[in-house]
Amino acid sequence: DTVVCDESFVHKTILVGDSGVGKTSFLVQFDTGKFQHGCFAATVGIGFTTKTVLTPEGSVKLQIWDTAGQERFRSITHAYYRDAHALLLLYDVTSKSSFDNIRAWLAEIKEYAHDDAVIVLIANKADMQSSRVIRREDGERLAAEFSVTFMETSAKNGHNVTHAFQMIATNLRQRQ
Ligand code: GDP
Ligand code: MG
């Protein structure tokens with residue numbers, strides 16, 4: 001059979017960043033619209049979830065992988081990066097170390113991911129204003145330095161979570 005219009009193509013999207021920044025919460029919020037309190041055990045990661053995102057130019061299927069238990073720098077296999085079409089790199093605005101480690105994550109991504117992979121730097125836990133230690137401008141400056149898109153989000157109240165995936169889908173769709 002001839003495939004006239006293959007809408008089933010799946011774009012692999014991966015969530016990376018230090019342990020505790022909210023990767024699993026972010027994906028659960030996108031998947032279910034809910035926030036579950038408490039840390040998710042590293043070994044009980046949901047693996048991946050597949051979601052179809054609607055964009056002005058058509059639908060895009062994303063297979064979104066949650067990185068669990070491999071967050072230590074350089075412990076993620078290079079193959080995992082290599083076939084990723086999009087990467088969401090998260091830090092926690094209340095954790096200076098998670099922000100400081102972004103440079104190392106970006107260096108690794110630039111080294112192993114595809115040159116044309118869509119990269120979004122995510123400043124998560126933006127709802128925690130009283131314990132924030134990383135200003136929005138700090139994130140914006142770092143994103144500009146590495147030429148990646150930047151967004152502040154909250155996996156808790158859902159702020160910008162769908163928007164982040166929507167932006168990735170739109171970006172990927174435009175490249176098809
Ligand atoms: P992961 O290790 O990157 O997967 O992080 P988790 O999703 O397990 O989240 C670590 C902790 O941060 C948990 O206690 C979550 O409830 C909490 N958390 C995650 N995202 C947010 C957020 O946007 N706001 C707040 N206030 N807490 C969050
Ligand atoms: Mg997790």
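This is a short tour of paired strands and aromatic rings in a predicted model.

**Stop 1: the strands**

Select residues 10-16. This is strand 1. Now add residues 58-66, which form strand 3. The two run parallel, and six bridges join them. For a landmark, pick His-11 and look across to strand 3: Leu-62 stands opposite.

Next, add residues 48-55, which make up strand 2. Which way does strand 2 run against strand 3, parallel or antiparallel? Strand 2 and strand 3 are antiparallel, with eight bridges between them. Zoom in on the turn. Strands 2 and 3 form a hairpin, and two residues lie between them. Thr-55 stands opposite Gly-58 of strand 3.

**Stop 2: Phe-48 and Trp-65**

Stay on the hairpin strands and show side chains. Phe-48 is in strand 2 and Trp-65 is in strand 3. They are 17 residues apart, and the pair links distant parts of the chain. Their ring centres lie 4.5 Å apart. The planes meet at 35°, so this pair counts as tilted; stacked would need planes under 30 degrees apart.

Turn on the surface. Phe-48 has 38% relative accessibility, so it counts as partly exposed. Trp-65 is also partly exposed, because its relative accessible area is 25% and buried means under 20%.

Keep Trp-65 selected and add Lys-12. Lys-12 lies over the face of Trp-65, 5.7 Å from the ring centre.

**Stop 3: Phe-26 and Phe-165**

Now widen the view. The whole structure holds six aromatic pairs. One of them is Phe-26 with Phe-165: ring centres 5.7 Å apart, planes at 45°, so again tilted. Select residues 23-32 for helix 1, which carries Phe-26, and residues 161-175 for helix 6, which carries Phe-165. What separation in sequence does this pair bridge? The two parts it ties together are 139 residues apart.

Check the surface here too. Are these rings buried or exposed? Phe-26 has 0% relative accessibility and so counts as buried. Phe-165 is buried as well, because its relative accessibility is 0%.

**Stop 4: Phe-30**

Add Phe-30 to the selection. Ring pairs link Phe-26, Phe-30 and Phe-165 into a cluster. Finally, show Lys-51. Its charged end sits over the ring of Phe-30, 5.0 Å from the ring's centre.

**Last view**

Show both lysine contacts together: Lys-12 over Trp-65, and Lys-51 over Phe-30. Then colour strand 3, which bridges to strand 1 in parallel and to strand 2 in antiparallel fashion.

Conventions: Residues are numbered from 1 along each chain as its sequence is written. Chains are lettered from A and ligands numbered from 1 in the order in which they are written. This is a predicted model: local features need pLDDT of at least 70, side-chain atom pairs count only at pLDDT 80 or more; totals for chains, interfaces and linings use all residues. Side-chain values use heavy atoms; hydrogens and water are left out. Two strands pair if DSSP finds at least two bridges between them. Helices (H or I, at least four residues) and strands (E, at least two) are DSSP runs, numbered from the N terminus. Rings of Phe, Tyr and Trp (its six-membered ring) pair if their centres lie within 6.5 Å; planes under 30 degrees apart count as stacked, over 60 as edge-to-face and the rest as tilted. Buried means under 20% relative accessible area, exposed over 50%, partly exposed in between (1.4 Å probe, protein chains only). A charge sits over a ring if NZ of Lys or CZ of Arg is within 6 Å of the ring centre and within 35 degrees of the ring normal.
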